[in-house]
Amino acid sequence: MSSAATTTYVLRGARPLGGEPVDLVLSGGVIAEVAAVGAASPTDAVVVDATDLVALPGLVDLHTHLREPGREDAETIESGTRAAAAGGFTAVHAMANTTPVADTAGVVEQVWRLGRDAGWVDVHPVGAVSVGLAGRQLAELGAMADSAARVRVFSDDGRCVDDPILMRRALEYVKAFDGVVAQHAQEPRLTEGAQMNEGVVSAELGLAGWPAVAEEAIIARDVLLAEHVGSRLHVCHLSTAGSVEIVRWAKGRGIDVTAEVTPHHLILTDELARGYDPTFKVNPPLRTAADVEAVREGLADGTIDIVATDHAPHAREDKDCEWAAAAFGMTGLETALSVVQQTMVDTGRMTWADVARVLSAAPARIGRIDTGERAQGRPLEVGEPANVTLVDPAARRVVDGAGQVTASTNTPFQGHELPGAVVATFLRGRATVLDGAPVEAAEAQGVRT
């Protein structure tokens, strides 16, 4: 990457969290100054015209599939993290369902080092809970926690830790290093052969249904296990109204549980399955309009803590086939912020300060990456790491999967017009995106001045 870390940037007229415009000076890897517009003029600084742009702390994704090692035909750490930067992210947590599985210190360190070498965002590997994601034996949780990758989030995502004994042991084990188990809540015996949400649409289409209770039963069990052992639990990609109510009840009881919702579960419904387009096949499945309303309400009132992309790129042949044979999953890194703006900000349910909470501060805190020299999710204040995202909330764009930075094209928003556009991303003061493009292309076009 060609953008020098020593460059000083003045973000002229930026609006932190949508507030009053200021000049943000990024120098030496930190926010060096917050000044009145036009007052900041350090020597040899690059001035970026941020008029009418909202400044957010760099976004943090707690749930990203980068596919490497093993499925580089779908995504690599280089392409995936480049896409993350284009979406405004400065840190991602890379899920463990790779080949080989990230269930040892050696594999998580490999992922971590590849992320460091790529340089687009900070990559924090998620360690598997069980060996090979098989759900029978605990993986090397302590070794992964002590490794150079300092793993603090553990998940068998893609598979549920359905054995309550194993789940209890994992919850107990991670307490030793303040880790968290992130559960993919799916009772397997209730979802054998399931293809989409169980309901009116699945009945009409003749597709095997995926009942909401399969998710809700595991969440109910696990919040009680977390309470019993006094550990932290994180619920991945919550998708039903009942799940929202269970998490709300658990938090009211004082249980240490957090939860995430994906952008696609904030906006898309199972009605999209009527066309049998495998683009809309995802795990957990798209639910009903009532579920969409419930998760929006849960995100707005704080029951759901964060938005996480569950970015799941696939090779074309894994999606360009009949529904039953298609892989589950959608890309999301480059559209997440726009979907949150459309569903939550533009509807008046959330402010840009709330967006910073659910897409930056809270995921960084849950992943325990909110302290130290490489801290993420920090406020836009003097002395804090200069992880900054500039977004133009007035922009409109039509999504083109083939034109995105990710190596895969399986976006559910193909051809849709979405609001907002990431104009620039800075990782500890180094520009990774300028003028809406990764730095090499942006530098060829010229910086906004």
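These questions and answers walk through strands and cores in a predicted model.

User: In the open sheet of 3 strands, which are the edge strands?
Analyst: The strand order is S6-S7-S8, with parallel pairing. An edge strand pairs on one side only. That leaves strand S6 (59-64) and strand S8 (122-125).

User: Which residue in S8 is the bridge partner of His 93?
Analyst: Strand S7 covers residues 89-94. S7 runs parallel to S8, and 4 bridges join them. In S8, the partner of His 93 is His 124.

User: Which helix gives the most to the largest nonpolar core?
Analyst: The largest nonpolar core has 100 residues. Among those with the most contacts inside it are Leu 11, Leu 337 and Leu 359. The helix that gives the most, with 6 residues, is H6 (residues 212-229).

User: How many residues are in the second, separate core?
Analyst: This core includes Leu 62 and Cys 236. Ala 362 and Ile 366 also belong to it. Its size is 11 residues.

User: Are the residues on the two faces of strand S10 buried or exposed?
Analyst: S10 spans residues 180-183. Val 180 and Ala 182 lie on one side, Val 181 and Gln 183 on the other. Both faces are covered, and these four residues are all buried.

User: What is the handedness of the β-α-β unit made by S9, helix H4 and S10?
Analyst: Strand S9 (residues 153-154) and S10 pair in the parallel sense over 2 bridges. Val 153 has Val 180 as its bridge partner in S10. With helix H4 (residues 164-174), the two strands make a unit that is right-handed.

User: Which residue in S13 is the bridge partner of Ala 182?
Analyst: S10 pairs in the parallel sense with strand S13 (residues 233-235), over 3 bridges. In S13, the partner of Ala 182 is His 234.

Methods. Residues are numbered from 1 along each chain as its sequence is written. This is a predicted model: local features need pLDDT of at least 70, side-chain atom pairs count only at pLDDT 80 or more; totals for chains, interfaces and linings use all residues. Side-chain values use heavy atoms; hydrogens and water are left out. Two strands pair if DSSP finds at least two bridges between them. A nonpolar core is a set of buried Ala, Val, Leu, Ile, Met, Phe, Trp, Tyr and Cys residues joined through side-chain atoms within 4.5 Å. Buried means under 20% relative accessible area, exposed over 50%, partly exposed in between (1.4 Å probe, protein chains only). A crossover is right-handed if, with the strands pointing away from the viewer, the path from the first strand over the helix to the second runs clockwise.
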